[in-house]
Amino acid sequence: ITYAVIAQFAAPVKMNMPHPVILLLFGAFLSAAFYGVAVGVPQEWQYLGNMVKWWYGIGLYIPFFTAGIVAGRNDWMKSA
């Protein structure tokens, strides 16, 4: 629902496909964030809110959803 609202007003951002090394470094950062949140958050806070195991959201769901939107808007999936 949030994306549907934001997409109506946000200006499209055009960018080239990032270099694979940059993607690798970004993946390393996300894995560190995933591990840090999974290990560092106290047990009683791990199920805070409506999302179970929300460190997956921080390390996986939100970044991959965002990357899919950016890839779709910039036609990264089309063959050259």
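Here are some short exercises, with worked solutions, on the predicted model shown above.

**Exercise 1. Work out how far you can trust the model, and where confidence is lowest and highest.**

Start with the whole chain: its mean pLDDT is 81, and 96% of the residues score at least 70. Next, go element by element. Helix 1, residues 2-9, has the lowest confidence, with a mean of 76. Helix 2, residues 20-40, has the highest, at 88. Why bother checking? Where pLDDT is low, the predicted coordinates should not be read in detail.

**Exercise 2. List the secondary structure elements in order, then decide whether the chain is a compact globule or more spread out.**

Step one is a count: the chain has three helices and zero strands. Read from the N terminus, that gives α-α-α. Step two is the radius of gyration, which is 16 Å, while the globule rule gives 12 Å for 80 residues. The chain's value is well over the rule's, so the chain is more spread out than a compact globule. To picture the dimensions, note that the C-alpha trace spans about 45 × 35 × 20 Å along its principal axes.

**Exercise 3. Describe the burial, the surface and the contacts of the whole chain.**

Take burial first: 12% of the 80 residues count as buried. Now the surface: the accessible area of the chain is about 6600 Å², and carbon and sulfur atoms account for 72% of it. Last come the contacts. Looking at those between residues at least 6 apart in sequence, 48% join residues at least 24 apart.

**Exercise 4. Find out where Pro63 sits, whether it is buried or exposed, and what it touches.**

Pro63 is part of helix 3. Its relative accessibility is 16%, and the cut-off for buried is under 20%, so Pro63 counts as buried. Setting aside neighbours within four places in sequence, Pro63 contacts Leu30, Gly57 and Ile58. Look at Leu30 in particular: it is 33 residues away from Pro63 along the chain, yet their C-alpha atoms are 8.3 Å apart.

**Exercise 5. Compare two residues after helix 3, Asn74 and Asp75: is each one buried or partly exposed?**

Begin with location. Asn74 is in the segment after helix 3, which covers residues 55-73, and Asp75 is in the segment after helix 3 too. Then check accessibility: Asn74 has a relative accessible area of 10% and is buried, whereas Asp75, at 42%, is partly exposed. Asn74 also touches Val13, Lys14 and Met15, once residues up to four places away in sequence are left out. Asp75 has a quirk in its backbone: a positive phi, near 55°. That's worth a second look, because most residues other than glycine have a negative phi.

**Exercise 6. Find the nonpolar patch on the surface and look at one of its members.**

The patch is made of Met51, Leu60, Tyr61, Ile62 and Phe64, which together have about 520 Å² of accessible area. Pick Leu60, which lies in helix 3. With a relative accessible area of 32%, Leu60 is partly exposed.

**Exercise 7. Which residues does Leu23 touch beyond its neighbours within four places in sequence?**

Leu23 belongs to helix 2. Its contacts, with those neighbours left aside, are Met17 and Pro18. As for accessibility, Leu23 is partly exposed, at 40%.

Definitions and conventions. Residues are numbered from 1 along each chain as its sequence is written. This is a predicted model: local features need pLDDT of at least 70, side-chain atom pairs count only at pLDDT 80 or more; totals for chains, interfaces and linings use all residues. Side-chain values use heavy atoms; hydrogens and water are left out. Helices (H or I, at least four residues) and strands (E, at least two) are DSSP runs, numbered from the N terminus. The radius of gyration is taken over C-alpha atoms; the globule rule is 2.2 Å times the number of residues to the power 0.38. Buried means under 20% relative accessible area, exposed over 50%, partly exposed in between (1.4 Å probe, protein chains only). Contact means heavy atoms within 4.5 Å. Accessible areas come from the Shrake-Rupley method with a 1.4 Å probe; for residues, only the protein chains shown count as cover. pLDDT is the predictor's confidence in each residue, from 0 to 100. Patches are made of residues with over 30% relative accessible area and no salt bridge: like charges are joined within 9 Å, nonpolar side chains (Val, Leu, Ile, Met, Phe, Trp, Tyr) within 5 Å. A salt bridge is a side-chain nitrogen of Lys or Arg within 4 Å of a carboxyl oxygen of Asp or Glu.
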